[in-house]
Amino acid sequence: MAEEKSFKYVILGASVSSGYAAREFINQGLKPGELAIISEESMPPYECPNLAKGYINFETNVTLAKNLVCARNSEKRQFPQWYKDKGIELIVSTEIVKADLAAKRLVSSAGKIFKYQTLLVATGSTCIRLSEFGIQDADAKNIFYLRDINDVDQLALTIETNKKRKVVVVGGGYTSFEISAALMVNNHDVTMVFPEPWIMHGLFTAEIASFYEGYYAKKGIKIIKATLASGFSTNLCGEVTEVKLEDGRTLEADIVIVGIGGRSMTSLFKGQVEEEKGGIKTDGFFRTSVPDVYAIGDVATFPMKLYGDMRRVEHVDHACKSAEQAVKAIKAVEEGKSIQEYDYIHFFHSRAFDLSWQFYGDNVGESVLFGDNDPKSPKPKFGTYWVKYGKVVGAFLEGGVEEENKAIARVARTQPSVGSLEVLSNIGELLIGSRVNRNRVLVSCPV
Ligand SMILES: Cc1cc2nc3c(=O)[nH]c(=O)nc-3n(C[C@H](O)[C@H](O)[C@H](O)COP(=O)(O)OP(=O)(O)OC[C@H]3O[C@@H](n4cnc5c(N)ncnc54)[C@H](O)[C@@H]3O)c2cc1C
């Protein structure tokens, strides 16, 4: 007879969103024994974004404990004891291989059965792999993908034990942007290679990218654009030695890190729940098409109220906020109350070297740059606004202080009308050049 356990609530997945969902359950008055978190990983929920930043930077000596949810506030850090004290069962190293949403049960690879009244799907996303495109030797030794702490621990071990130095980073997105800087800080010889015309092509404009590319070059990172990794060479031990590029060039490599995008982990639920845009479709309360099943974080495609469309967002801020919203919605249903629909605005941020940027809103329409984006400047500081149908819809700022970042967030949220890009550029200059009246100027945007 298979082992069977029943819970009022089950969260499937133990990373960012599940950690914040657990905290919100506690805030809402969870009783001991009601909640279980099931994950194939062996860790309690931790903050993935640190993996490509402080965690891999050996100088900062960041340990897993410092990465646990909520890493930003040490008093709120959720160690395994926290879950124990709250009566939350952490069921780790347990892969769920079957989900029967009609029968409200999950089955693990070891044949254990977990029953629930309400399920929160927090299975996140997985890395797209080069081997999926039939690329030769794409699974050779010392080719890494960064998705979870095991991946990063293995990379760190390879770096430490073999003193490997030549690293090629394949991809020009978020993870590649951050890991390249972290490895450069650790004195590696780093080359980035990607097919797009500039770094972080999905978010940055050419002008924003030219700053970071110039800055990275100043730090010694080599960037090769507009070509693809088309194969690898290996030695007799099966270790990677070379990256072959589509344009015929080859790059020596002891280590390769691949960051070419992710895809949401929906396979367990195929055919049982509605999907949209590659994720599990939800409403503004993260309810799926199946009663008592919610989806949160990277796996959810939800209505973005501000833009009137459905989106899937692979970012930590949304992972935290969607988790809190779903738990509030669950409790509201139980108590016969109502809550507001999710009203999210994109918020992305990053740190690399001594740089730090924030972005709010949508990067669509025309854009205008303001400030000093010369990578050789002693103190570069600049921003960009995006304008669509005469309204400011997105805002980016490098090097902003808290107050300035809050100001651009308000602009992206309130979407002020704008007469001309030139005036908007001047307003941007005012934001970062003068402290006088900048919030008033930005929020009312008198143009
Ligand atoms: C290296 C890296 C750097 C990042 N940097 C940033 C950043 O700087 N800023 C930013 O905004 N975002 C960043 N992100 C993205 C951010 O971390 C994700 O958006 C966030 O982690 C999503 O949280 P989640 O809870 O939805 O899913 P995940 O964090 O992906 O967690 C999903 C969990 O579910 C488990 N799971 C999946 N399937 C099963 C199964 N069948 N059985 C059991 N368990 C299962 C997984 O093992 C995992 O533990 C980064 C991500 C990575 C990997």
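This report describes the domains, the sheet pairing, the nonpolar cores and two buried residues of a predicted model.

**Domains and their contact**

The domain assignment divides the protein into domain 1 (4-126 + 263-335), domain 2 (130-260) and domain 3 (354-444). The centres of domain 2 and domain 3, taken over C-alpha atoms, are separated by 31 Å. Domain 2 brings 15 residues to their contact, and domain 3 brings 17 residues. About 1400 Å² is buried between domain 2 and domain 3, with carbon and sulfur atoms giving 67% of that area. On the side of domain 2, the residues that lose the most area to domain 3 are Leu203, Phe211 and Tyr212, which together account for 40% of what that side buries.

**Nonpolar cores**

The largest nonpolar core contains 124 residues, and those with the most contacts inside it are Leu119, Leu120, Phe204, Tyr212, Trp357 and Tyr385. Helix H7 (residues 316-335) supplies the largest share of this core, eight residues. Another core, of 20 residues, lies apart from it and includes Val170, Ile224, Phe232 and Ala253. Phenylalanine 204 is in contact with Phe177, Trp198, Ile199, Ala209, Tyr212, Trp357 and Phe396, when its neighbours within four places in sequence are left aside.

**Strand E6 and its partners**

Strand E6 (residues 113-121) is largely enclosed by the rest of the structure, because seven of its nine residues are buried. The table lists pairings of this strand.

| Partner of E6 | Sense | Bridges | Facing residues |
|---|---|---|---|
| E1 (residues 4-12) | parallel | eight bridges | tyrosine 9 and threonine 118 |
| E5 (residues 105-108) | antiparallel | three bridges | leucine 106 and phenylalanine 114 |
| E19 (residues 293-295) | parallel | three bridges | valine 293 and leucine 119 |

E5 and E6 also form a hairpin with four residues between them, and glycine 111 in the turn has a positive phi of about 85°.

**The five-stranded sheet**

An open sheet is formed by five strands in the order E8-E15-E9-E10-E11, with parallel pairing. Strand E8 (143-145) and strand E11 (222-224) stand at the edges with a single partner strand each, so one side of each has no neighbour in the sheet. From one strand to the next, the twist averages 20°. Within this sheet, strand E9 (residues 166-170) and strand E10 (residues 189-193) pair in the parallel sense over five bridges, and lysine 166 has aspartate 189 in E10 as its bridge partner. Helix H4 (residues 149-162) packs on the sheet and touches E8 and strand E15 (255-258). The direction of H4 makes about 150° with that of E8.

**Two buried residues**

Leucine 245 belongs to strand E13 (residues 240-245). Its relative accessible area is 4%, so leucine 245 is buried. Not counting residues up to four places away in sequence, leucine 245 touches Val193, Ile224, Thr227, Leu228, Ala229, Ser230 and Leu251. The C-alpha atoms of leucine 245 and glutamate 398 are separated by 32 Å, and these residues are 153 residues apart along the chain.

Valine 387 is placed in strand E25 (residues 381-388). Valine 387 counts as buried because its relative accessibility is 9%. Leaving aside neighbours within four places in sequence, valine 387 is in contact with Val364, Gly365, Glu366, Val392, Val393, Val418, Leu421 and Leu424. Valine 387 and histidine 188 are 40 Å apart in space, C-alpha to C-alpha, and 199 residues apart in sequence.

Technical notes
Residues are numbered from 1 along each chain as its sequence is written. This is a predicted model: local features need pLDDT of at least 70, side-chain atom pairs count only at pLDDT 80 or more; totals for chains, interfaces and linings use all residues. Side-chain values use heavy atoms; hydrogens and water are left out. Buried means under 20% relative accessible area, exposed over 50%, partly exposed in between (1.4 Å probe, protein chains only). Contact means heavy atoms within 4.5 Å. A nonpolar core is a set of buried Ala, Val, Leu, Ile, Met, Phe, Trp, Tyr and Cys residues joined through side-chain atoms within 4.5 Å. Two strands pair if DSSP finds at least two bridges between them. Axes are lines fitted to C-alpha atoms, for helices over the stretch in contact, and angles run from 0 to 180 degrees between N-to-C directions. Domain bounds come from an automatic or database domain assignment. Buried area is the accessible area (1.4 Å probe) that two parts lose on being put together, summed over both.
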